[in-house]
Amino acid sequence: RPFLASFRRERKMGIDLKAGGRNKHTTKDAPNSNNVYLQLLVKLYKFLVRRAESNFNKVVLHRLFMSRTNKPPLSLSKLIDHMKGKDGKIAVIVGKVTDDVRTFDVPKLRICALGFSETARARIEKAGGEILTFDQLALIAPKGANTVLLRGTKDREALKHFGRAPGVPHSHTKPYVRAKGRKFEKARGRRKSRGYKA
């Protein structure tokens, strides 16, 4: 009996290995996507990182591993702004290029990206520009010479709802409500006359 009691006292908590207890490898080394073309690009840029000493290839490879929300699209208007005064250089976007109807004049550009919307592709080609894929870029600029590496903004509507609960003091979090009328999140907890005001 005394032995069993001491054994029970000495028992310690274990590590939940399935939940990633001892996992120190936290950086991605492959994309989660099963897209064959993306996996071939990863293979190509892994080779370039090994053989062509250039930080450019390391950055491109790292961005190819990223999730969809971390590969946001870049609009044509923003791309044109970034490429002002950079004649002769290739714009590189590890993501999609989308059209912007608010932009009227599209200059002649050389752009390498993972994808283009149909209208963006048509407007770039109509202006005499050139659209490149990443395997073509690897032949033209294996070390990323004369390129401008760009990426879109990660701002999205969902982020406005993150943070402290709506209605809590000093919270600027956007509530998930159908409307902002009297009946919606305006009673208990929001005014003194209805229970309490937070």
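These legends describe close-up views of a predicted model.

**View 1. The largest nonpolar core holds 20 residues.**
Some members touch the most other members: Y45, V60, L64, V92, C112, F134 and L137. Four elements each supply at least two residues of this core. They are α2 (36-51), α3 (55-64), β2 (90-98) and α6 (134-140). Helix α2 gives the most, with 5 residues. Another core lies apart from this one. That other core has 18 residues, including L79, V97, A113 and V148.

**View 2. C112 sits among neighbours from several stretches of sequence.**
Leave out residues up to four places away in sequence. C112 then touches I90, A91, V92 and I93. C112 also touches L132, T133, F134 and L137. Three of these names return from View 1: V92, F134 and L137 are, like C112, among the core residues that touch the most other members.

**View 3. Y45 and F134 form an aromatic pair.**
How many aromatic pairs does a search of the whole structure find? The search finds 1. In this pair, Y45 and F134 meet edge-to-face. Their rings are 6.1 Å apart, centre to centre. The angle between the planes is 80°. The angle counts as edge-to-face because it is over 60 degrees. The pair links distant parts of the chain. Y45 belongs to helix α2 and F134 to helix α6, 89 residues apart. Are these two residues buried or exposed? Y45 is buried, with a relative accessible area of 0%. F134 is buried too, at 2% relative accessibility. Both values are under 20%, so both residues count as buried.

**View 4. R63 is a buried charge without a salt bridge.**
R63 is in helix α3. Which side chain of opposite charge is nearest to R63? That side chain is D155, 16 Å away. A salt bridge needs the nitrogen and oxygen within 4 Å, so D155 does not serve as a partner for R63. R63 does have other neighbours. Not counting residues up to four places away in sequence, R63 touches K71, V94, L149, L150 and R151.

**View 5. D100 and R102 form a salt bridge.**
The structure has 5 salt bridges in the count. In this one, the closest N and O atoms of D100 and R102 are 2.9 Å apart. The two partners have opposite settings. D100 is buried, with a relative accessible area of 6%. R102 is exposed, at 66%. The value for D100 is under 20%, so D100 counts as buried. The value for R102 is over 50%, so R102 counts as exposed.

**View 6. E130 and R110 join two strands.**
Their side chains meet in a salt bridge of 2.8 Å, N to O. E130 lies in strand β4 (residues 130-132), and R110 lies in strand β3 (residues 110-116). The pair therefore ties together parts that are 20 residues apart in sequence. E130 is partly exposed, at 34% relative accessibility. R110 is partly exposed as well, with a relative accessible area of 30%.

**View 7. K174 and E157 form a salt bridge after β5.**
The closest N and O atoms of K174 and E157 are 2.7 Å apart. Both residues lie in the segment after β5 (147-150), so the pair ties together parts 17 residues apart in sequence. K174 is partly exposed, with a relative accessible area of 36%. E157 is partly exposed too, at 41%.

Terms used
Residues are numbered from 1 along each chain as its sequence is written. This is a predicted model: local features need pLDDT of at least 70, side-chain atom pairs count only at pLDDT 80 or more; totals for chains, interfaces and linings use all residues. Side-chain values use heavy atoms; hydrogens and water are left out. A nonpolar core is a set of buried Ala, Val, Leu, Ile, Met, Phe, Trp, Tyr and Cys residues joined through side-chain atoms within 4.5 Å. Buried means under 20% relative accessible area, exposed over 50%, partly exposed in between (1.4 Å probe, protein chains only). Contact means heavy atoms within 4.5 Å. Lys and Arg count as positive and Asp and Glu as negative; His and the chain ends are not counted. Rings of Phe, Tyr and Trp (its six-membered ring) pair if their centres lie within 6.5 Å; planes under 30 degrees apart count as stacked, over 60 as edge-to-face and the rest as tilted.
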